Amino acid sequence: MTIEKLPSGSYRVKQMIDGKRYAVTVPYKPSKKEAFDLIQDKIHNRVDNTISFRDAAEEYLRAKSTVLSPSTVRGYRSIMRNLPTWFMDADLAAIDRITCQKLVNEYNVDHSPKSTINVNGFVQTVIHLYYPDANVSVTLPQRVKKNDYIPSHDDVMKVMDELRDTVYYVPLHLAALSLRLSEICALTIDDLNGNVITVNKALIRADGGYVLKPTPKTDASNRVVVLPPELAERIREQGFIYEGYPNQIYKCLTRTSRRLGIPHFSFHKLRHFFASYAHELGYSDSLVMELGGWNSDVMKRVYRHAMNVDEAKQSVASDFRF
């Protein structure tokens, strides 16, 4: 008897008995006893092959609960809520390419191509956990490239001036220095030492609330950021970074840009602004990635730093004043 892990993450138990090969695939690593029982059930036709896609998806989430992030699980749960009942209740073994194509065609009517592609990815993953060799490939809608507006330096200055005396000034300024919203909301006054702030955690949504994650999105995200002296002093004076809910910052930014007549841009676009403006100021690609916590091994191999990283951090604190 052999137990092998498949590329999909599921496990296949195989055994040759009296010249006949038996195989069972499950979405978890079975013990030797479980593997033996699975083969015996297969031999005696006791294997239940009538699992629905709904039950298979639930089993997938259960099996992967220790390795999937809370945000990923939340996203999968959202997908499952939006899938049509006829598909959720369908027999997993009966789902073929035509069934999956029907789902994609139907789902794409009321959803964006990106959402449809994400749904198909989840569906394919669940199916391949139980049937690794299943051919359920489909034709997907073409992804529409969004032309999201990245604010100019003048736009950012106008927003900062408008909100300078509010609790939103500090988080917006930090975003313009490359910090993610999850990183900003996780910061405390203890993370500030002089003019240097340490970024090593993130606040993410989970189970209907928020949880503190020890490390941010990637290893490169763990970093220190040198702040303009006046911003560091502002934080010390008020005694905190930001104490409200993350979505309040989104709403404030939307209201402010509308009031100022500035094209709408999301909070995350301030991070894009940082990269764009840093390039305008002459910072190299690899340096911008390191300062902003981006991670690309290829880019790091191709590009060299234009200046010493410590010097660059001091330079950013001077260049990104608002």
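How many bridges join strand 2 to strand 3, and in which direction do these strands run relative to each other? Seven bridges join strand 2 (residues 11-17) to strand 3, and the two strands run antiparallel. This pairing belongs to a predicted model, whose overall make-up is set out next.

## Overall composition

The protein chain contains 15 helices and eight strands. It comprises 322 residues, of which 42% are buried. The exposed area of the protein chain is about 17,700 Å², and carbon and sulfur atoms supply 49% of that area.

Contacts were also classified by separation in sequence. Among those in the protein chain between residues at least 6 apart, 61% join residues at least 24 apart.

## The sheet of strands 1, 2 and 3

Strands of a sheet pair through backbone hydrogen bonds, either parallel or antiparallel. Three strands here form an open sheet in the order 1-2-3, with antiparallel pairing. Strand 1 (2-5) and strand 3 (20-26) are the edge strands, each pairing on one side only. On average, neighbouring strands of this sheet are turned by 20° against each other, direction ignored.

Between strand 2 and strand 3, which are joined by seven bridges, isoleucine 17 stands opposite lysine 20 in strand 3. Helix 1 (residues 32-43) packs on the sheet and touches strand 1, strand 2 and strand 3. The direction of helix 1 makes about 120° with that of strand 3.

## The sheet of strands 4, 5 and 8

A further open sheet is formed by three strands in the order 4-5-8, and its pairing is antiparallel. Strand 4 (192-193) and strand 8 (223-226) stand at its edges; each has a single partner strand, so one side of each is left without a neighbour in the sheet.

Strand 4 is joined to strand 5 (residues 196-199) by two bridges, and these strands run antiparallel. Leucine 192 stands opposite isoleucine 197 in strand 5.

## Packing of helix 2 and helix 6

The axes of helix 2 (residues 53-63) and helix 6 (residues 113-130) come within 10 Å and cross at roughly 85°. Because angles of 65 to 115 degrees count as roughly perpendicular, the two helices are roughly perpendicular to each other.

On the helix 2 side, the contact involves Phe53, Ala56, Ala57, Glu59 and Tyr60. These residues meet Phe122, Val123, Thr125, Val126, Ile127, Leu129 and Tyr130 in helix 6. By class, the contact has ten nonpolar residues, one polar residue and one charged residue.

Terms used: Residues numbered from 1 in each chain as written. Predicted model: local features only at pLDDT ≥ 70, side-chain atom pairs only at ≥ 80, totals over all residues. Heavy atoms only, no water. Helix = DSSP H or I, 4+ residues; strand = E, 2+ residues; numbered from the N terminus. Buried < 20%, exposed > 50% of the residue type's maximum accessible area, 1.4 Å probe, protein only. Contact = heavy atoms within 4.5 Å. Areas by Shrake-Rupley, 256 points an atom, 1.4 Å probe, with all protein chains shown as cover. Axes fitted to C-alpha atoms, helices over the stretch in contact; angles between N-to-C directions. Parallel < 35°, antiparallel > 145°, perpendicular 65-115°, else oblique. Nonpolar A, V, L, I, M, F, W, Y, C, P; charged D, E, K, R; others polar. Pairing = 2+ DSSP bridges.
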